[in-house]
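Biologist: I'm new to reading structures, so could you pick one part of this one and take me through it slowly? Please explain any jargon as you go, and show me what lies around that part too.

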Amino acid sequence: MTNTELTDRVEELLPQLVTDLTELIAIPSISSVPEHATDVRKAQEKIVSWLLEIGAADAQIVQEGGQPAVIAHFPAPPGKPTVLLYAHSDVQPFGEISDWSSAPTHAVIRNGRLYARGSADDKNGVMAHIAALRAFNGKPPVGVTVFIEGEEEIGSPTVAQILNKHRDVLAADVFVISDASNWDSDHPTITNTLRGIGECVVTVRTLDHGVHSGEFGGVVPDALTTLCRLLATLHDEQGNVAVAGIKRFPAPDLEYPTDRLAEETGKLPATTWIGTGSVVERLWTSPSISVLGIDTTNIAQASNTLIPQASAKIGLRVAPGDDAAAALQHLVSHLEAHVPWGAQIEITALNSGEPSIIATDGSAAQAMREAMTEVWGSPPVLMGMGGSIPMIKLFQETFPAAEVLCVGSCDATSRIHGVNESLDLELFRKYVLAQTLLLEKLKAL
């Protein structure tokens, strides 16, 4: 098919794509909440039905002890390469529902953006793959394997087992990871580095039961104050990570204006930035540590009592080039060594996922650059991403001869993981077209 024919076909498909994306969004496929396990499977079943409807030779749900994944095949024409299209259908929890401007599972279009949980991360990636296959009426010019994960948002804990068991059917010449962001709406992006991830829960205990704060305060430490002092040791005065052994690396010479950063993040005017180094170094090639949640007595239930126990969930982002499992262990060791006042401490290390460095000098990357340039009218920016996609390192290790592309249709205002997550529908249109053109170009690989 010619570029003009593919462009017209994508335009024709867009209304139904948005309708189907809205239907997929309505399924609350939250992989981190056990009560939503049936929803994760329901989303995968819906995707299987679409793939079979398009004309997949086979489409199945596989599961190796964790959340279900989808694998489907569109066989390669003779002599043509095989491309694996990856995305994930699971989403983050909603947070405080009252903070949303509309229901998180009810997609609403406002000012050209589609608002809902999963609109940006990453159900649009699923639909982009389906769109490209529909554009070719189920007969793409290359072989296509579709792999839709159901547990990316919890660190892909069993995907290594899926890859090991289904290695032969997942083998491909090119892997297209549709789960990334763009520099801005006018400049598409190919992502070349991603940070890794690690999480742990730390619990401190200072008493075996609560006691009167007036009678014993000033002598006996309460657990929440103890926990706060411990958490404060994770950063230096400038806000840099202060955990020994965790690495940082140089970043590309790319300016990220702080006025733009302030607008994109909603930083309050008096709040100062943390850390040292360029903005992109702090975002892409340096570690970060964040306190993601605290369990303690809530204010409504608080009394004049010294709290005996408090817990915090800590999130770690690991610089590309470091080792996520080792970095998480450094964090655990730091917490154990710095707990104040002899408090009892218990740490549960959760999942970790490795960072990635992705080569962008291959023939598939060149084809992606050409496709993006044709659609946007400007060449893509090569940039890092502060977020994590553990699958990428697994793909690279399992299929070292394959080329990996990390792309997507999100932008910096998509509020991924936050309330009022949204997708720029014009950016989505451009990305769908670029991916469709990519498949056409890859037939010459």
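Modeller: Sure, I'll start with one strand, move on to the aromatic rings, and then look at a few spots elsewhere in the chain.

Two bits of housekeeping first. This is a predicted model, so local features need a pLDDT of at least 70, side-chain atom pairs count only at pLDDT 80 or more, and totals for chains, interfaces and linings use all residues. Residues are numbered from 1 along each chain as its sequence is written, and side-chain values use heavy atoms, with hydrogens and water left out.

Our strand is β6, residues 143–149. Strands here are DSSP runs of E with at least two residues, helices are runs of H or I with at least four, and both are numbered from the N terminus. Seven of the seven residues of β6 are buried, so the strand is largely enclosed by the rest of the structure. "Buried" means under 20% relative accessible area, "exposed" means over 50%, and "partly exposed" is in between (1.4 Å probe, protein chains only).

Now, which way do the side chains go? In a regular strand they alternate between the two faces of the sheet. In β6, Gly143, Thr145, Phe147 and Glu149 point one way, while Val144, Val146 and Ile148 point the other way.

What does β6 pair with? Two strands count as paired if DSSP finds at least two bridges between them. Strand β2 (residues 69–74) pairs with β6 in the antiparallel sense, over five bridges. Within that pairing, histidine 73 has threonine 145 of β6 as its bridge partner. Strand β3 (residues 82–88) runs parallel to β6, and seven bridges join these two. There, valine 146 of β6 has leucine 85 standing opposite.

β6 also has a hand in an aromatic cluster: its Phe147 is grouped with Tyr86, Phe175, Phe395 and Phe399. A pair of aromatic rings is described by the distance of the centres and the angle of the planes. Rings of Phe, Tyr and Trp (its six-membered ring) pair if their centres lie within 6.5 Å; planes under 30 degrees apart are stacked, over 60 edge-to-face, and the rest tilted. By this rule there are seven aromatic pairs.

Take tyrosine 86 and phenylalanine 395: their ring centres are 6.0 Å apart and their planes are at 85 degrees, so this pair is edge-to-face. Tyrosine 86 is in strand β3 and phenylalanine 395 is in helix α12 (residues 390–398), so the pair links distant parts of the chain, 309 residues apart. Both of these residues, tyrosine 86 and phenylalanine 395, are buried.

Phenylalanine 175 and phenylalanine 399 are arranged in another way: with centres 5.2 Å apart and planes at 25 degrees, the pair is stacked. Phenylalanine 175 belongs to strand β7 (residues 174–178) and phenylalanine 399 to the loop between α12 and β17 (403–407), so the pair ties together parts that are 224 residues apart in sequence. Phenylalanine 175 is buried at 0% relative accessibility, and phenylalanine 399 is buried too, at 9%.

Rings can also have a charge over them. The rule is that NZ of Lys or CZ of Arg is within 6 Å of the ring centre and within 35 degrees of the ring normal. Arginine 110 has its charged end over the ring of tyrosine 115, 4.0 Å from the centre. Arginine 260 lies over the face of tryptophan 183, 4.4 Å from the ring centre.

How about disulfides, meaning pairs of cysteine sulfur atoms within 2.5 Å? The count is zero. For cysteine 200, the closest cysteine sulfur is that of cysteine 228, and at 16 Å it is too far for a bond. Cysteine 200 is buried at 0% relative accessibility, whereas cysteine 228 is partly exposed at 41%.

Last, some backbone oddities. Most residues other than glycine have a negative phi, and most peptide bonds are trans. Yet the bond joining aspartate 121 and aspartate 122 is cis, with omega about 5 degrees. Aspartate 122 sits in the loop between β5 (113–115) and α3 (123–135). Tryptophan 341, not a glycine, has a positive phi of about 60 degrees. Tryptophan 341 is in the loop between α10 (324–338) and β14 (344–353), and is partly exposed at 48% relative accessible area.

Notes. A disulfide is a pair of cysteine sulfur atoms within 2.5 Å.
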